[in-house]
Each structure stands twice: as structure tokens, then as C-alpha cells.
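Let's take a friendly walk through a protein model, one region at a time. Keep the picture open as you read.

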Amino acid sequence: MTGDQGVSTDLTINGAIEGSGDDRKAPPGVVVIFGASGDLTERKLMPALARLAQYKRLPDEFRLVGVARSHLSDDEFRKRFPAGPAAEAPHLVETMRYLSGDYDDPGTYQRLRDLLEEFDDTAGTAGNRLFYLATPPQAFVPIIENLAAAGLNQPGSPTGSTRLVVEKPYGHDEASARELDERIHAGFDESQVFRIDHYLGKDTVQNVMALRFANTIFQPIWNRTWIDQVQITVAETLGVGSRGGFYEHAGAMRDIVQNHVLQVLALALMEPPASFAPEALRNEKVKLLQSIRHPADGDIDRIAVRGQYTRGGTSGDLMPGYREEPGVDPLSKTETYAAMRLDVDNWRWAGVPFYVRTGKRLPRRVTEVVLQFTRPPHLPISAAQVTGLQPDALILRIQPDEGITLRFGAKVPGHSFRVRTATMEFSYGSTFREESPEAYERLLLDALIGDPTLFIRSDEVLQSWRIVDPIIQHWADSPGRIPLYEASSWGPTEADQLLARDGRSWHNPGGR
């Protein structure tokens with residue numbers, strides 16, 4: 001951070017290591033991607049598998065199968081594999097197979113079973129199968145039930161494994177999430193289910209845990225005695241684009257808050273786990289989510305704000321409003337912005353307000369966690385000497401420019417004694433020479449190995465819906481207008497008032 005508001009100091013870490021020390025490698029097996037002709041497969045899953053192959057994380061006994069309704073040949077499917085890594089992993093590409101079929105047709109799954117058994121016999125895939133549901137959510141249940149009916153919910157050998165990776169959205173409210181759980185658990189054990197949120201695969205999200213639990217300087221002050229407030233922001237500069245039809249049924253609360261925001265919040269606020277064993281970590285996240293106060297209907301207008309972007313920007317870059325986007329109802333009341341105050345009723349955080357927000361068409365693309373500390377109980381210098389001094393804060397930047405900023409007061413050089421805000425910066429890019437794996441790359445490898453640490457357990461999903469459901473329902477039942485904000489602004493004025501009532505204000509990266 002530079003400029004006349006503060007002083008910037010680089011904070012580096014000595015002894016940055018050359019290698020990650022992570023020699024994990026997937027076992028033999030088959031990944032089956034349902035929705036293999038879709039956007040997610042092309043943009044995220046194929047490149048992630050390509051990098052795993054490039055970095056020798058996949059064995060020779062690994063096979064990839066795509067399943068979708070679209071008619072493609074094996075060769076056409078293989079051409080969708082990224083060209084550069086394909087040259088380095090020719091065996092993987094040459095053995096890729098594609099099955100065209102309807103998701104509710106039992107014949108599709110019989111052909112799939114025959115192919116998997118063929119791979120077990122000829123390629124040594126050892127009966128290990130990972131089924132990835134990269135489809136629209138309405139296809140989840142037909143796929144899951146047909147997999148079970150075909151016996152594909154069981155491994156292909158006594159020592160094999162079968163796992164199911166389910167993309168978000170996982171239900172559209174608590175009731176539908178419970179129903180989806182019941183349908184899945186009719187054929188698959190909870191230990192086989194890997195609910196994915198790609199945010200948890202980001203190195204910088206996991207660095208929240210490293211910062212908290214690997215450093216004694218932070219852990220003693222990570223509580224209500226020293227922290228005045230916490231803010232979590234997930235801001236996007238883009239609008240809904242071609243996703244208007246989907247977004248009309250989702251909105252910002254379902255699309256971002258219920259999953260990304262609450263997962264980051266849980267990692268930042270949870271109690272220290274006894275170990276980083278998967279269940280120990282996930283147990284603490286659930287406990288934290290259970291501690292978040294359930295919003296009463298009469299309080300929602302006071303603690304939650306929604307908004308929708310309108311036409312805005314500059315004359316040279318005038319951006320359309322949400323209701324002008326393709327697939328959007330011209331009278332839509334769907335929120336593209338959501339902000340709320342949360343209270344955590346436990347010993348560590350009682351009385352500390354937690355402000356979370358997300359929005360589209362905001363001025364900057366940024367995800368960050370801001371922990372603002374309490375002010376000193378007494379300043380032995382005059383107010384004129386500390387003009388513009390901001391409260392101390394620790395700012396965790398998850399994206400972009402991943403890193404950590406420590407904001408504090410420092411004396412300004414000169415003969416007089418004046419104190420001004422200064423910052424120390426830690427940057428991932430300039431400190432570590434290692435290349436961070438992409439989120440899907442890490443999570444796919446974890447699923448192949450069978451490590452559920454960074455995946456979401458059933459009770460986590462239900463607790464998240466419990467928090468946001470009353471707010472979503474209240475907004476649906478409200479007859480009034482939805483607050484509006486211009487594209488490229490920081491949201492509706494009502495969001496500023498949400499904090500102003502508590503005598504606080506948002507931390508806006510780059511200003512308003």
C-alpha cells in the first residue's frame with residue numbers, strides 16, 4: 001500500500017524453500033466426468049488434470065472417461081485436452097474415452113460399467129473410481145441413482161475405492177440440501193462423498209490456518225479482547241454476463257455467501273483443532289457455524305442488505321444494468337449484492353460484529369479478510385498529532401495479489417512528533433519461488449487420494465443454509481423495491497448504513 005495515507009514496507013520470510021516437499025501421487029484409477037462436454041470441464045477440470053499429469057502426479061495406470069449427452073467421438077474428446085501438457089502425457093490422452101448418453105438411461109451406465117471393468121483388466125486401474133458431477137444440479141439425482149442401480153457405487157475390486165465429487169450448488173435451501181443428502185446416502189456412504197468448493201483449494205485460503213496456528217504472535221490476540229470487528233469481502237468487477245438465467249434463480253446470497261464466504265469465515269474464526277486430521281478440522285468448522293446466531297425475521301432488515309446493479313461506469317465504458325442482461329427479468333428483484341452482520345455466540349467472539357459482503361460490478365476484483373483491532377485505551381499524545389490515524393488491522397488478501405498486510409501507526413520522519421498509518425506487506429509472489437497449484441488441481445488430487453480435509457461435510461452444508469435461508473425467504477416475501485447501486489460503485493448506500501449504525505465503515509480497497 002503506497003501513497004500519502006501510509007508507508008509501505010516489504011516483509012519477507014527468510015529461508016524460502018526450493019521445493020514444496022509434497023510428493024503425493026494419485027493411485028491407479030479412473031476419473032469419470034459427467035458433463036464432460038461442458039464449460040466447467042473445459043475451463044477447469046481438463047487443465048487441472050493436465051497439470052497433474054505434467055507434474056507426474058498421475059500414474060501410468062490412470063484413465064479418464066467423459067460422459068455427456070453431446071455426441072462426440074473419442075478423438076474429438078481428446079482434442080479438448082490442453083495441447084501443451086498433452087504432448088508431455090501422450091499415454092493419458094491416447095487412452096481417454098468418451099461415452100455419449102442420457103443421464104437417466106440405464107444403458108449409459110451399463111456401457112460405463114463395461115468400460116471400467118475393461119480398464120481394471122487391461123490397464124491395472126485396480127477398481128478405483130472417482131465420479132465427478134460437473135453437470136447442472138438437476139442432473140445430480142438421476143446420475144447418482146443410476147450409478148447405484150448399476151452397482152457403480154461400489155469399488156471394482158475388494159481393495160478399490162469409489163468416490164463421488166459433487167459441485168455446488170448443493171441444494172437451493174436447507175430442505176432441498178437435506179433431500180439431496182437422502183438421495184445420495186441411499187446409494188453412497190458419507191465417506192465417499194466429496195462436496196467441492198474451489199475456494200478451499202486456494203493456497204491463500206489455507207494460509208489463514210497457517211497464519212493462525214503456526215505463529216504464536218497472532219494466536220493470543222485472535223479473540224474478542226483485541227479484535228474490534230472482522231470484515232470479509234468477495235467483490236467482482238464482472239456482471240452476470242451469459243449466466244443471467246441461472247443467476248435469476250440463485251442471487252448473490254446463494255451463489256457466494258452460502259458457500260465461499262461462510263467457508264472462509266469458518267476457517268478464520270474456528271477454534272484451534274487438535275490436529276489437521278480431516279475430521280478434527282471439519283468438526284471445528286461445524287462448531288463455528290453452529291455458533292452463528294440464527295437471524296430472527298424481525299431483525300433481518302437491520303442486519304442484512306441486498307442490492308442490484310444498474311447501468312454505470314464511464315462514458316467510455318458504460319456497463320449495462322442487471323435487468324438489461326440476457327436472460328434476466330426486466331422487473332427482477334434478484335440481488336447481485338448482499339451484505340450482512342453476523343454475531344458468533346461463543347466464548348472467543350461474543351460481542352464482536354462480523355460484516356460480510358459480496359457483489360457483482362464492484363470497482364475491484366478482490367477477496368479479503370480484514371481483522372480490525374481495538375484502539376489503544378489511552379493515547380498520551382494530542383489529537384493533532386494523530387490526524388488520520390486508522391485502527392491497527394491485519395488484512396488477508398485471498399485474491400488477487402495474494403498476501404498479508406499489517407496496518408499500524410508509525411512516527412512520521414521530521415522534528416515534530418506525528419503518527420500516521422503505515423503498512424508492512426507480505427506478498428506470496430515475491431516471497432515464494434514455488435508455483436501455487438490451481439484450486440481444482442489440488443482438490444482433484446485430494447479426492448483421488450481420498451483426503452476430505454478441504455471438502456465440505458454434510459452438516460457443514462446444512463448449517464450454512466440455516467444461516468442464509470431466513471434472509472433469502474424474508475427478501476422473497478418483501479414487497480418493497482430492491483436497493484440499487486451503479487455499476488463500478490461499492491454497493492448501495494444501505495450497506496454503508498449497516499455499519500454506520502455501529503459507528504463503523506467498510507474497508508474499501510482503493511477507496512470508493
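## Before we start

A residue counts as buried when its relative accessible area is under 20%, as exposed when that value is over 50%, and as partly exposed in between. Keep those cut-offs in mind, and remember that this is a predicted model.

Let's try the rule on Asp 343, which you will find in strand S12 (residues 337-343). Its relative accessibility is 13%, so Asp 343 counts as buried. The side chain of Asp 343 also has a partner: a polar contact of 3.0 Å links it to the side chain of Arg 341.

## A helix with a kink

Now look for helix H9, which covers residues 244-269. Where is the kink in this helix centred? Follow the helix to Gly 251, and there you will find a kink of about 90°.

H9 is also largely enclosed by the rest of the structure, because 21 of its 26 residues are buried.

## The second largest pocket

The second largest pocket holds about 400 Å³ of space. It is lined by 19 residues, and those closest to its centre are Pro 137, Gln 138, Pro 169, Gly 171 and His 172. By type, the lining is made up of eight nonpolar, six polar and five charged residues.

Which helix gives the most to this lining? H9 does, with six residues. Helix H6 (140-149) and helix H7 (174-185) are also contributors, as each of them supplies at least two residues.

Pro 169, one of the residues closest to the pocket's centre, has another feature to notice. The peptide bond between Lys 168 and Pro 169 is cis, with omega at about 5°. Pro 169 itself sits in the loop between strand S6 (162-166) and H7.

## A strand between two partners

Strand S14 takes in residues 366-373, and eight of its eight residues are buried. Its side chains point in two directions: Val 366, Glu 368, Val 370 and Gln 372 go one way, while Thr 367, Val 369, Leu 371 and Phe 373 go the other. Both sets are buried.

What does S14 pair with? Strand S8 (residues 227-235) is one partner, antiparallel to S14 and paired with it over eight bridges. Strand S15 (residues 393-399) is another, also antiparallel to S14 and joined to it by six bridges. Val 369 is a good place to see both pairings: its bridge partner is Ile 232 on one hand, and it stands opposite Leu 396 in S15 on the other.

## Special spots in the loops

After S15, look at the loop that leads to strand S16 (403-411), where Pro 400 is placed. The peptide bond from Gln 399 to Pro 400 is cis, and its omega is near -20°.

Two further loop residues have a positive phi although neither is a glycine. For Arg 361, phi is about 60°, and this residue lies in the loop between strand S13 (353-359) and S14. For Ser 488, phi is near 75°, and its loop runs between strand S18 (484-486) and helix H15 (493-500).

Are these two residues buried or partly exposed? Arg 361 has a relative accessibility of 13%, so it counts as buried. Ser 488 has a relative accessibility of 38%, so it counts as partly exposed.

Methods:
Residues numbered from 1 in each chain as written. Predicted model: local features only at pLDDT ≥ 70, side-chain atom pairs only at ≥ 80, totals over all residues. Heavy atoms only, no water. Bend = angle between axes of the 7 residues up to and from the residue. Helix = DSSP H or I, 4+ residues; strand = E, 2+ residues; numbered from the N terminus. Buried < 20%, exposed > 50% of the residue type's maximum accessible area, 1.4 Å probe, protein only. 1 Å grid on protein atoms, 1.4 Å probe; cavity = no way out; pocket = protein on both sides within 12 Å on 5 of 7 lines; lining within 4 Å. Points joined across faces, edges and corners; volume = space filled by probe spheres on them. Nonpolar A, V, L, I, M, F, W, Y, C, P; charged D, E, K, R; others polar. Pairing = 2+ DSSP bridges. Polar contact = N/O pair within 3.5 Å; in protein donor to acceptor, adjacent residues only side chain to side chain.
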